[in-house]
Amino acid sequence: TAAWQYTRRVRIPWRPVLLAAAAAFACSFWGASAVSLLPRDAIRPLILLLLVLILGYTLLKKDFGSLQRATHVGRRELAIAIGLGGAIGFYDGFFGPGTGSFLIFLFIRFFGLDFLGASACSKIVNLATNVAALCWFVPTGQVLLAIALPMALANMAGAVTGSWLALRGGSGLIRKFFLVLVCLLIVRMAWDTLQSLA
């Protein structure tokens with residue numbers, strides 16, 4: 001629902017976004033299938049470190065994501081989109097927390113988007129990763145539908161409200177929410193890491 005809202009109002013650089021979404025879809029399915037094979041606790045400290053670096057970078061660069069700068073989309077940029085989409089897709093299928101924040105940061109950093117444009121693009125890629133992961137988890141009986149379906153409806157309602165606020169508030173408002181969300185993710189990941197070590 002958020003992806004649909006954004007595509008109607010925000011200019012999307014479709015070539016890199018669709019390539020990133022396609023790579024993310026393929027690798028998210030792969031990541032979901034690897035959940036039972038790899039220790040998830042092992043990568044939690046790395047994700048925590050990456051979130052701290054993202055927070056520091058965004059705070060230090062005051063103009064980061066404030067304006068959209070024109071970026072030539074050539075073969076190099078398309079290759080970057082495929083690589084980033086694949087990496088984030090695998091991560092989302094395998095682990096999940098912070099995927100949207102990583103995508104927003106990467107779309108700003110590598111494609112010169114502002115927070116509004118990056119948020120719109122991240123929703124499209126995130127949609128692909130979620131659909132792919134569900135293609136693995138639903139047939140294998142890993143989804144508790146009695147819990148998931150009511151949460152999905154609430155999630156859709158929240159997405160409509162959130163995207164409406166984002167479109168009205170623009171990049172400045174999204175930047176503030178982004179920083180708050182990254183801080184909350186850092187606290188959560190730090191707590192989970194300490195719990196796993198205890």
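Is R76 exposed or buried in terms of relative accessibility? R76 counts as exposed because its relative accessibility is 59%, where exposed stands for over 50% relative accessible area, buried for under 20% and partly exposed for values in between, with a 1.4 Å probe and protein chains only. The structure is a predicted model, in which local features need pLDDT of at least 70 and side-chain atom pairs count only at pLDDT 80 or more, while totals for chains, interfaces and linings use all residues. Residues are numbered from 1 along each chain as its sequence is written, and side-chain values use heavy atoms, with hydrogens and water left out.

The side chain of R76 meets that of E77 in a salt bridge, with an N to O distance of 3.6 Å; the term denotes a side-chain nitrogen of Lys or Arg within 4 Å of a carboxyl oxygen of Asp or Glu. In contrast to the exposed R76, E77 is buried, with a relative accessible area of 12%. A search of the whole structure finds 2 salt bridges, and R188 and D192 also meet through their side chains in such a pair, at 3.5 Å from N to O. Both R188 and D192 belong to helix α7, where they are 4 residues apart, about one turn of the helix; helices are DSSP runs (H or I, at least four residues) numbered from the N terminus. An α-helix has 3.6 residues a turn, so residues three or four places apart point the same way. R188 is partly exposed at a relative accessible area of 46%, and D192 is likewise partly exposed, at 22%.

Helix α3 covers residues 44-60. Its 17 residues reach 25 Å from the first C-alpha to the last, close to the 24 Å expected at 1.5 Å a residue, the expected span being 1.5 Å times one less than the number of residues. The buried residues of α3 are R44, I47, L48, L51, I54, L55 and T58. Seen down the axis of α3, these buried residues fall within an arc of 125°, so they line one face of the helix; the arc is that of the directions from the helix axis to the C-beta atoms. The cover over the buried residues of α3 includes α4 (75-94), α5, α6 (115-137) and α7 (145-197), whereas the face turned away from the buried side carries the exposed residues L53 and L60. L53 also takes part, with L46, L49 and L50, in a nonpolar surface patch of about 360 Å². Such patches are made of residues with over 30% relative accessible area and no salt bridge, with nonpolar side chains (Val, Leu, Ile, Met, Phe, Trp, Tyr) joined within 5 Å and like charges within 9 Å, and accessible areas come from the Shrake-Rupley method with a 1.4 Å probe. Within this patch, L46 counts as partly exposed at 48% relative accessibility.

Helix α5 (residues 99-111) contains S101. For the 13 residues of α5, a span of 18 Å is expected at 1.5 Å a residue, and the end C-alpha atoms are 17 Å apart, which agrees. Because 10 of the 13 residues are buried, α5 is largely enclosed by the rest of the structure. The buried residues are T99, S101, F102, L103, I104, F105, L106, F107, I108 and F111, and what covers them includes α2 (14-33), α3, α4, α6 and α7. S101 itself counts as buried at 3% relative accessibility. Not counting residues up to four places away in sequence, S101 touches F178, L181, V182 and L185, contact being defined by heavy atoms within 4.5 Å. Just after α5, G112 takes a positive phi of about 65°.

Two alanines give further buried positions with contacts beyond four places in sequence. A32, in helix α2, is buried with a relative accessible area of 1%, and its contacts of this kind are G93, F94, A133, W136 and F137. The C-alpha atoms of A32 and A128 are separated by 13 Å, with their positions 96 residues apart along the chain. A2, in helix α1 (residues 2-9), is buried at 9%, and is in contact with K123, A159 and S163 when neighbours within four places are left aside. By comparison, D63, in the loop between α3 and α4, is exposed, with a relative accessible area of 52%.
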